[in-house]
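Student: I am new to this structure and would like to know what the terms used for it rest on. Can we go through them one at a time?

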Amino acid sequence: MGYRRLIAKYMQHVSNRSGSVWLGDAAQGELSPRGINELRSIWLTIEREVEIDTQGDFNARTLALCNQHGLAGADVARHLGWRARVVEEWLLPPQHPQHRVMTKRDFEHFYLSILSVIQPNFEDR
C-alpha cells in the first residue's frame, strides 16, 4: 500500500471516529501550507470515492438517462447551454482518452436542465 492510500485510510478512520479530519485546526508550524494542501487533496479524493459509491457514477447516470429518454448529446448541450463537445466527452466510455468526468454539480445542472424534457415521460406511467 502506498503512502497516499495509507494516509487516506487513516484520514477516513479519523473522520469516522471524530466527525472531522482536523485540517482546519492545524497550528502554524505543525504542518506547512504545502502539507495541508496535499492532505486536502487526499481528502477530496476520499470524498469523491464515497460520493461515487453512494450516488453512482454521474457519467453513467447521465448516459442512462439520455438513452432512456432518447436524448442525443446535441440535445443535452442545447438544454444545458453548453458546448456539445463537453457533453459528448461526458458520454464517452471511461477508457476513452477524451472522457470527461462529471462532477456532482455538472450532473445536477444536467438533471435540472432536462427535467422539463423527461417530466412528461414520467407522468405517462
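Tutor: Start with Phe110 in this predicted model. Leaving aside neighbours within four places in sequence, Phe110 is in contact with Thr62, Leu65, Cys66, Val76, Leu80 and Met102.

Student: What makes these residues count as being in contact with Phe110?

Tutor: A contact requires heavy atoms within 4.5 Å. The six names given for Phe110 meet that limit.

Student: Which residues have the most contacts inside the largest nonpolar core?

Tutor: They are Val76, Leu80, Val87, Trp90, Met102, Phe107 and Phe110, in a core of 14 residues. Helices α3 (58-69), α4, α5 and α6 (104-123) each supply at least two residues of this core. A second, separate core has seven residues, including Ala8, Met11, Ile42 and Trp43.

Student: Why is Thr62 called buried?

Tutor: The relative accessible area of Thr62 is 2%, and buried means under 20%. Thr62 is therefore buried. Thr62 lies in helix α3 and, not counting residues up to four places away in sequence, touches Leu91, Met102, Phe107 and Phe110.

Student: What makes Phe58, Phe107, Phe110 and Tyr111 a cluster?

Tutor: Ring pairs link them, and rings pair if their centres lie within 6.5 Å. The structure holds four aromatic pairs.

Student: Which residues of α4 are buried, and how do you know that they are on the same side of α4?

Tutor: Gly73, Val76, Ala77 and Leu80 are buried in α4. They cover an arc of only 100° around the axis, so they are on the same side of α4.

Student: Why is Gly81 called exposed?

Tutor: Exposed means over 50% relative accessible area. Gly81 has 62% relative accessibility, so Gly81 counts as exposed. Gly81 is in the loop between α4 (73-80) and α5 (84-90), and takes a positive phi of about 75° just after α4.

Student: What makes the pair of Arg78 and Asp75 a salt bridge?

Tutor: The limit is 4 Å between a side-chain nitrogen and a carboxyl oxygen. For Arg78 and Asp75 the N to O distance is 3.5 Å, so the pair is a salt bridge. The two residues are about one helical turn apart, because they are three residues apart in helix α4.

Student: Is Arg78 buried or exposed, and what is Asp75?

Tutor: Arg78 is exposed, with a relative accessible area of 59%. Asp75 has 22%, which falls between the two limits, so Asp75 counts as partly exposed.

Student: What makes Arg85, Glu89 and Arg100 a network of salt bridges?

Tutor: Glu89 forms a salt bridge with Arg85, with the closest N and O atoms 2.9 Å apart. The side chains of Glu89 and Arg100 also meet in a salt bridge, at 2.8 Å, N to O. Both distances are within 4 Å, so each pair is a salt bridge, and Glu89 takes part in both.

Student: Where do Glu89 and Arg100 lie?

Tutor: Glu89 is in helix α5 and Arg100 is in the loop between α5 and α6, 11 residues apart. Glu89 is buried at a relative accessible area of 11%, while Arg85 at 41% is partly exposed. Arg100 counts as partly exposed at 31% relative accessibility.

Definitions and conventions:
Residues numbered from 1 in each chain as written. Predicted model: local features only at pLDDT ≥ 70, side-chain atom pairs only at ≥ 80, totals over all residues. Heavy atoms only, no water. Helix = DSSP H or I, 4+ residues; strand = E, 2+ residues; numbered from the N terminus. Buried < 20%, exposed > 50% of the residue type's maximum accessible area, 1.4 Å probe, protein only. Arc of directions from axis to C-beta. Phe/Tyr/Trp six-rings, centres within 6.5 Å; stacked < 30°, edge-to-face > 60°. Core = buried A, V, L, I, M, F, W, Y, C linked by side-chain atoms within 4.5 Å.
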